[in-house]
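Open the model in your viewer and keep the sequence panel beside it. The tour goes from one selection to the next and says what is found at each stop.

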Amino acid sequence: MKIGCAAYSFRQYLTSGEMSFEGFLEKAVEMDIDGVELTAYYFPSTDDAYLHTLKRQCYLLGLQVSAAAVGNRFTDPDPGERAAQIEYVKDWVDISVKLGAPCLRLFAGGTPEGHSEAEARQWTIDGLKECAEYAAPRGVLLALENHGGITSTADQVIDLITSVDSEWVGVNLDTGNFREDPYGSLARVAPYAVTAHAKTEIPKSGDGKEEADFSKIVGMLKTQGYKGYLSIEYEAAEDAMTAVPRFAQMLNSLV
């Protein structure tokens, strides 16, 4: 198992301009982690020259681009918008190739008002299948995150993945997003994981959040034979500049 960090963890600094993507890579080296997940929201450019510069810097710093990450929605009720979202994902498959990223994190979406979950489910299956057909010959795995909406529960996620039935579509297992039986749900979905997000907090029974037990989570992943990335996606209240390096150190000690 390898430890990574999603650029999203430092969103406050990337959005304000206090940190560049290049600065994020330097921070990753300071934290002694293996790879970085580069989130679409923070790219100042997707021109080839910029992408190749980032790829070169990662190589020289000894970092792998473990994944790219896109914020899409397959469940828009408008067919034209769904088609546009599919093209958006395909564009990011191509960007992933240019970055040397073997994986692209994506979302499903929620059930829109006036439509059924069955409709939203089918739109997502169709979108994932079309994107997988595009991604497979380019060597990019698609990682569907358990991210609320129609991916709120283990049953929903497993149903989508098994319905798509592609070796190029798996799960980005987010440790902080299952609200029903979070540890049990993580264990059930772990066999489908191709990458994973590590969050410092996990939903607790009833309401609110509590500190996540990563001895339990890492042990569960090891039991499932998971050997991929555990990428930090920090969302708690403490400043990321202090909290993320400490979290990275703890995860490194467990894997």
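Start with the lining of the largest pocket: its residues divide into 7 nonpolar, 1 polar and 4 charged. Keep in mind throughout that this is a predicted model.

**Stop 1: the largest pocket**

To see the lining, select Thr200, Glu201, Glu211, Ala212, Phe214, Tyr234, Ala236, Glu238, Ala243, Arg246, Phe247 and Met250. The pocket they surround has a volume of about 200 Å³. Which helix gives the most to this lining? Colour residues 240–254, which are helix H9; with 4 residues, H9 is the answer.

**Stop 2: the largest cavity**

A pocket is open, whereas a cavity is a space where the probe fits but cannot get out. How many cavities of 30 Å³ or more does the structure hold? There is 1 of that size. The largest cavity contains about 40 Å³ of space. Select Gly176, Lys199, Thr200, Glu201, Lys209, Glu235 and Ala236 to show its lining. By type, these residues are 1 nonpolar, 2 polar and 4 charged. Thr200, Glu201 and Ala236 appear in the lining of the largest pocket and also in that of the largest cavity.

**Stop 3: aromatic rings**

Now show the side chains of Phe, Tyr and Trp. The structure holds 6 aromatic pairs. One of them is formed by Phe21 and Phe43, whose ring centres are 4.7 Å apart and whose planes are at 80°, an edge-to-face arrangement. Phe21 is in helix H2 (residues 21–30), while Phe43 is in the loop between strand S2 (35–39) and helix H3 (48–61), so their pairing ties together parts that are 22 residues apart in sequence. Are these two residues buried or exposed? Both Phe21 and Phe43 are buried.

Move to Tyr41 and Tyr42, which also make an edge-to-face pair, with 5.7 Å from centre to centre and 80° between the planes. Tyr41 is partly exposed, at 41% relative accessibility. Tyr42 has a relative accessible area of 15% and is buried.

Next, add Tyr50 and Trp92 to a selection of Phe21 and Phe43. Ring pairs link these four residues, Phe21, Phe43, Tyr50 and Trp92, into a cluster.

**Stop 4: charges over rings**

Select Tyr134 and Arg138. The charged end of Arg138 sits over the ring of Tyr134, at 3.6 Å from the ring centre. Then select Tyr183 and Lys216. Here the charged end of Lys216 sits over the Tyr183 ring, and the distance to the ring centre is 4.3 Å.

**Stop 5: cysteines**

How many disulfides does the structure hold? The count is 0. Select Cys58 and Cys5 to see why one cysteine is unpaired: the closest cysteine sulfur to that of Cys58 is in Cys5, 12 Å away, which is too far for a bond. The cut-off for a disulfide is a pair of sulfur atoms within 2.5 Å. Cys58 is buried, with 1% relative accessibility. Cys131 is in no disulfide either, as the nearest cysteine sulfur, in Cys103, lies 13 Å from its own. Cys131 has a relative accessible area of 0% and is buried.

**Stop 6: three aspartates in loops**

Most residues other than glycine have a negative phi. Select Asp32, which has a positive phi of about 60° although it is not a glycine. This residue lies in the loop between H2 and S2. Asp32 is exposed, with a relative accessible area of 60%.

Asp181 also has a positive phi, of about 45°, and is not a glycine. Look for Asp181 in the loop between S6 and helix H7 (182–189). Its relative accessibility is 55%, and Asp181 counts as exposed.

Finish at Asp165, in the loop between helix H6 (154–164) and strand S6 (169–174). Is Asp165 buried or exposed? At 65% relative accessibility, Asp165 is exposed. Add Ile125 to the selection and draw a line between the two C-alpha atoms: Asp165 and Ile125 are 40 residues apart along the chain, and these atoms are separated by 9.6 Å.

Note on methods:
Residues numbered from 1 in each chain as written. Predicted model: local features only at pLDDT ≥ 70, side-chain atom pairs only at ≥ 80, totals over all residues. Heavy atoms only, no water. Phe/Tyr/Trp six-rings, centres within 6.5 Å; stacked < 30°, edge-to-face > 60°. Helix = DSSP H or I, 4+ residues; strand = E, 2+ residues; numbered from the N terminus. Buried < 20%, exposed > 50% of the residue type's maximum accessible area, 1.4 Å probe, protein only. Lys NZ or Arg CZ within 6 Å of the ring centre and 35° of its normal. 1 Å grid on protein atoms, 1.4 Å probe; cavity = no way out; pocket = protein on both sides within 12 Å on 5 of 7 lines; lining within 4 Å. Points joined across faces, edges and corners; volume = space filled by probe spheres on them. Nonpolar A, V, L, I, M, F, W, Y, C, P; charged D, E, K, R; others polar.
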